[in-house]
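Here is a short briefing on one protein model. Look at the sequence and the structure before reading the points.

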Amino acid sequence: MMSNSFAQALAISGEISTAVKEINTEEAEKLAERIMQARSVFVAGGGRSGLMMKAFAMRLMQMGCQAYVVGETVTPAIGPEDLLLIGSGSGETQSLCAMANKAKSLDASLALITIQPGSTIGKLADAVLKLPGATKDQVGVTGTTRQPMASLFEQTLLVVLDGMILKLMSMQELSSENMFVQHANLE
């Protein structure tokens with residue numbers, strides 16, 4: 001007999017699988033190219049989306065890319081050859097909108113991973129990758145997910161970013177062994 005939490009986990013993994021199948025591969029390819037072209041990649045997101053973006057920055061660093069999390073004390077200034085990549089379900093978070101405007105005013109490239117490509121940040125972005133899911137307020141959601149708030153977006157964001165890492169590794173002919181050299185070693 002299957003436990004209720006295991007059954008819920010299976011349902012969640014099914015939702016993620018369905019969501020990933022809906023992603024536009026051309027948008028994903030365009031984003032991969034932007035990442036490869038950038039001198040440095042700056043990532044940002046609020047709440048749980050921000051945690052997924054931090055995980056992506058870690059993998060970029062392990063690939064040898066210059067990757068930074070906006071707001072950390074060691075994050076340098078962004079410039080014209082850099083990319084700001086924002087993960088935001090709504091694309092309307094005030095602090096992220098201000099950040100996007102600032103990056104654009106400094107001639108940096110801007111990319112957004114979101115549920116709402118027509119959002120304030122989406123309209124500013126040079127590249128947008130639309131993910132299925134629900135925003136935290138779940139306005140207008142009809143049967144997309146059984147999960148609370150923006151869980152499906154956040155989970156899909158992590159899976160898609162991990163897939164992006166595999167794509168970037170392939171483009172650079174990197175293996176996990178190559179990347180392990182960059183893994184934290186003071187732990």
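The points below cover the sheet, the helices on it and one pocket.

This is a predicted model, in which local features need pLDDT of at least 70 and side-chain atom pairs count only at pLDDT 80 or more, while totals for chains, interfaces and linings use all residues. Residues are numbered from 1 along each chain as its sequence is written, and side-chain values use heavy atoms, with hydrogens and water left out.

**Sheet**
- Five strands (DSSP runs of E, at least two residues, numbered from the N terminus) form an open, parallel sheet in the order E2-E1-E3-E4-E5.
- Strand E2 (66-69) and strand E5 (127-130) are the edge strands, and each pairs on one side only; pairing requires at least two DSSP bridges between two strands.
- From one strand to the next, the twist averages 20 degrees.
- Strand E1 (residues 40-45) pairs with E2 over four bridges in the parallel sense, and Phe42 stands opposite Tyr68 in E2.

**Helices on the sheet**
- H2 packs on the sheet and touches E1, E3, E4 and E5, where contact means heavy atoms within 4.5 Å.
- The direction of H2 makes about 135 degrees with that of E5; axes are lines fitted to C-alpha atoms, for helices over the stretch in contact, and angles run from 0 to 180 degrees between N-to-C directions.
- H6 also packs on the sheet, touching E3, E4 and E5, and its direction makes about 125 degrees with that of E4.

**Second largest pocket**
- A pocket is an open set of points on a 1 Å grid over the protein atoms alone, where a 1.4 Å probe fits, with protein on both sides within 12 Å along at least five of seven lines; lining residues have an atom within 4 Å of a point.
- Residues that line the second largest pocket include Val20, Glu29 and Lys167.
- H6 gives the most to this lining, with five residues; helices are DSSP runs of H or I of at least four residues.
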